[in-house]
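Colleague: Could you take me through one part of this model closely? I'd like to hear about the open sheet and whatever lies across it.

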Amino acid sequence: MAKKRPQTKAKRPQTTGGARTAGADGDVPVVGAREPCPCGSGRRYKACHGRAASHAATELVHRPFEGLPGECDWVALRELVPAATVELTLKDGLPEGVPAVTLATVLPMAWPALRRDDGSVLLGLQNDTSSGDISRDLADTLQRALEAQPGTPVQGRRAPADSPRLQDLLDPEGAFEPEVHSGFEFWVPDPENATPDVTASLERANSAAIPTVKLQGVDAAYWCETPEKNHLRWVMPHAEELLLDALARLHAAGRSSLGEGTRLVGSFRAHGLTVPVWDLPSGVTAEDVEKPAAEFAERLAAALATDAPLTAEERRARGGLTNRQVTLS
């Protein structure tokens with residue numbers, strides 16, 4: 001069992017650099033859950049100011065990337081794409097001494113972030129987060145990385161409940177253009193001179209990476225190659241119920257495939273968005289599916305614009321699609 005914290009009582013609360021929650025008298029420092037609340041109420045912190053702070057820190061944000069440029073690609077890079085990077089544009093510009101900020105799907109040793117020797121920042125996207133708001137946790141990590149000493153990784157932590165989110169830090173007009181890589185060599189400027197730990201981590205990551213290609217003709221669609229068959233996974237921004245209705249209409253009409261030998265097999269749910277998935281024959285490449293995907297996008301747009309009630313056959317198709325949904329987050 002964890003050691004019980006001593007029950008100390010401060011005559012006057014002393015604020016520190018830790019997380020705070022607002023009270024009647026201003027900032028109140030966060031202390032142990034069983035300690036007396038520093039506001040002077042006489043109650044334990046968890047039953048006083050800690051109650052609101054805990055709720056704010058753990059409340060799940062279902063669409064953490066909503067409002068960011070490229071929301072669908074954020075979801076894809078978080079859940080589906082092994083190796084990719086994106087140059088980020090900060091709302092207030094780059095701080096002095098920071099030549100670039102780059103989002104990466106994953107970093108060596110699963111670091112949340114890294115301040116490189118040249119001062120540039122790499123921010124890892126595929127990390128466990130401590131609160132229910134991925135955007136807030138990533139923003140907290142980014143802010144600390146911008147201030148870290150060059151050449152040091154940044155560890156994860158629970159972001160303060162009132163801290164900024166990515167939506168507060170990134171330029172809403174900035175481009176979000178993922179570059180998908182075949183491996184993780186982007187981790188280090190000079191792989192030949194990397195430390196043994198980084199080299200070993202690089203080799204493990206490269207051996208596990210599934211070949212992935214981003215389609216150019218439609219948004220947030222990613223082809224991937226697996227030993228038995230290939231897949232297309234397409235993150236879509238539409239409301240789930242509306243999208244499922246549209247997919248059911250196309251499926252019932254025999255118009256949901258992407259060509260001979262392909263079929264719509266189900267979908268993922270991830271961070272508030274729906275990700276339809278197609279099985280593709282192993283010989284179908286990303287280039288092969290570009291034109292069929294663009295044509296499907298036109299059929300889908302027409303189906304989304306239809307508000308007629310579903311027919312019995314379309315309802316059966318919708319039920320089948322709903323039964324084949326998998327929630328990733």
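Modeller: Here is a walk through the sheet, then its helices, then the cores. Keep in mind that this is a predicted model.

The sheet is open and has 6 strands, in the order E9-E10-E11-E13-E12-E14, with mixed pairing. At the edges sit E9 (212–214) and E14 (325–327), each pairing on one side only. Ignoring direction, neighbouring strands are turned by 25 degrees against each other on average. Strands of a sheet pair through backbone hydrogen bonds, and that pairing can be parallel or antiparallel. For E12 (residues 263–270) and E13 (residues 273–280) it's the antiparallel sense, over 7 bridges. If you want a spot to click on, take serine 267, whose bridge partner in E13 is proline 276.

Now the helices. H6 (residues 240–252) lies across E12, E13 and E14, and runs at about 25 degrees to E13. Does its length add up, and what should 13 residues span? At 1.5 Å a residue, the 13 residues of H6 should span 18 Å, and the end C-alpha atoms are 18 Å apart, so the two agree. The buried residues of H6 are Leu243, Leu244, Ala246, Leu247, Ala248, Arg249 and Leu250; note the arginine in that list. Those buried residues pack against E12, E13 and E14, and also against H7 and H8 (312–323). After H6 comes glycine 254, with a positive phi near 70 degrees.

H7 (residues 286–304) lies across E9, E10 (221–225), E11 (230–234) and E13, running at about 40 degrees to E11.

On to the cores. In soluble globular proteins, nonpolar side chains tend to be buried together. The largest nonpolar core here has 41 residues, and Trp74, Leu142 and Val235 touch the most other members. Two of our sheet strands, E12 and E13, each supply at least two residues of this core, as do several other elements, including H2 (71–79) and H3 (134–147). H3 gives the most, with 6 residues.

Valine 235 is worth a zoom. Leaving aside neighbours within four places in sequence, valine 235 is in contact with Cys72, Val75, Ala76 and Leu80, with Asp219 and Ala220, and with Leu273, Thr274 and Val275. There's also a second, separate core of 24 residues, which includes Leu232, Trp234, Ala286 and Phe296. Going by the residue ranges, Leu232 and Trp234 fall in E11, while Ala286 and Phe296 fall in H7, the helix that lies across E11.

Technical notes: Residues numbered from 1 in each chain as written. Predicted model: local features only at pLDDT ≥ 70, side-chain atom pairs only at ≥ 80, totals over all residues. Heavy atoms only, no water. Pairing = 2+ DSSP bridges. Helix = DSSP H or I, 4+ residues; strand = E, 2+ residues; numbered from the N terminus. Axes fitted to C-alpha atoms, helices over the stretch in contact; angles between N-to-C directions. Contact = heavy atoms within 4.5 Å. Expected span 1.5 Å × (residues − 1). Buried < 20%, exposed > 50% of the residue type's maximum accessible area, 1.4 Å probe, protein only. Core = buried A, V, L, I, M, F, W, Y, C linked by side-chain atoms within 4.5 Å.
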